[in-house]
Amino acid sequence: MRKIQILLLLILCQTVYSQVKSTDELYKTAKKLDSLIFDVGFNTCDLSHYDSIVSDDLEFYHDKGGITSGKEAFTASIRNNICGGPNKVRRELAPGSMKVYPLYNNNILYAFIQEGEHDFAEFYKGKWKKGSRAKFTILWILENKNWKMKRVLSYDHHL
């Protein structure tokens, strides 16, 4: 019985971190960063802020396009393939799909994981055509008091 009491006490005393609520400041930060990467960068091709929110040693793993390593390669890929291609592509975060999980070291927030689903559309012959839906996971790291996109998984692309 004593062992069970000690175990319960340890469980109750341990700080438990899980997905944050959509009203939490960290969730709002993730939503803003997502908007900067995709709504502003990907969708409108304004990549001017990527330097401040993308880690120099970014790793981006895509189930159809392979691995993109580094901020320069990632920015060039968006510039050349999304913004410079003959057909414009748009990305939208699937409503209600985003989840944010904080990561702590000795009770100090150092990173968070953002996951969700996104939908893509392509502007073709004057019309937006529905594209694929995919899942994504992004690791955001706090570097010099700034959030940086560090690791990205984009997978399960399907129509």
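This passage looks at a pocket and two residues in a predicted model.

The largest pocket offers a good starting point, with a volume of about 640 Å³. Its lining draws two or more residues from each of several elements: helix 2 (25-44), strand 1 (54-62), strand 2 (66-69), helix 4, strand 5, strand 6 (127-143) and strand 7 (146-158). Of these, strand 6 gives the most, with six residues. In total, 28 residues line the largest pocket, and Phe42, His62, Ile82, Phe120 and His157 lie nearest its centre. Sorted by class, the lining comprises 13 nonpolar, eleven polar and four charged residues.

Attention turns next to His118, a residue of strand 5 (residues 108-124). His118 counts as buried because its relative accessibility is 3%, below the 20% cut-off. The side chain of His118 makes a polar contact, at 3.0 Å, with the side chain of Arg91. Beyond its neighbours within four places in sequence, His118 is in contact with a run of residues that includes Glu92, Leu93 and Ala94, as well as Arg133, Ala134 and Lys135. Phe38 and Ser154 are also among the contacts of His118.

Arg79, in turn, is found in helix 4 (residues 71-83). With a relative accessible area of 44%, Arg79 is partly exposed, since this value falls between the 20% and 50% limits. Setting aside neighbours within four places in sequence, Arg79 is in contact with Leu47 and Gly84. Arg79 and Gly41 are 38 residues apart along the chain, and a distance of 9.2 Å separates their C-alpha atoms.

Technical notes:
Residues are numbered from 1 along each chain as its sequence is written. This is a predicted model: local features need pLDDT of at least 70, side-chain atom pairs count only at pLDDT 80 or more; totals for chains, interfaces and linings use all residues. Side-chain values use heavy atoms; hydrogens and water are left out. Helices (H or I, at least four residues) and strands (E, at least two) are DSSP runs, numbered from the N terminus. Buried means under 20% relative accessible area, exposed over 50%, partly exposed in between (1.4 Å probe, protein chains only). Contact means heavy atoms within 4.5 Å. A polar contact is a pair of N or O atoms within 3.5 Å; within protein, one must be able to donate a hydrogen and the other to accept it, and residues adjacent in sequence count only if both atoms are side-chain atoms. On a 1 Å grid over the protein atoms alone, a cavity is a set of points where a 1.4 Å probe fits but cannot get out, and a pocket is an open set with protein on both sides within 12 Å along at least five of seven lines; lining residues have an atom within 4 Å of a point. Grid points are joined across faces, edges and corners, and a volume is the space filled by probe spheres set on the points. Ala, Val, Leu, Ile, Met, Phe, Trp, Tyr, Cys and Pro count as nonpolar, Asp, Glu, Lys and Arg as charged, and the others, Gly among them, as polar.
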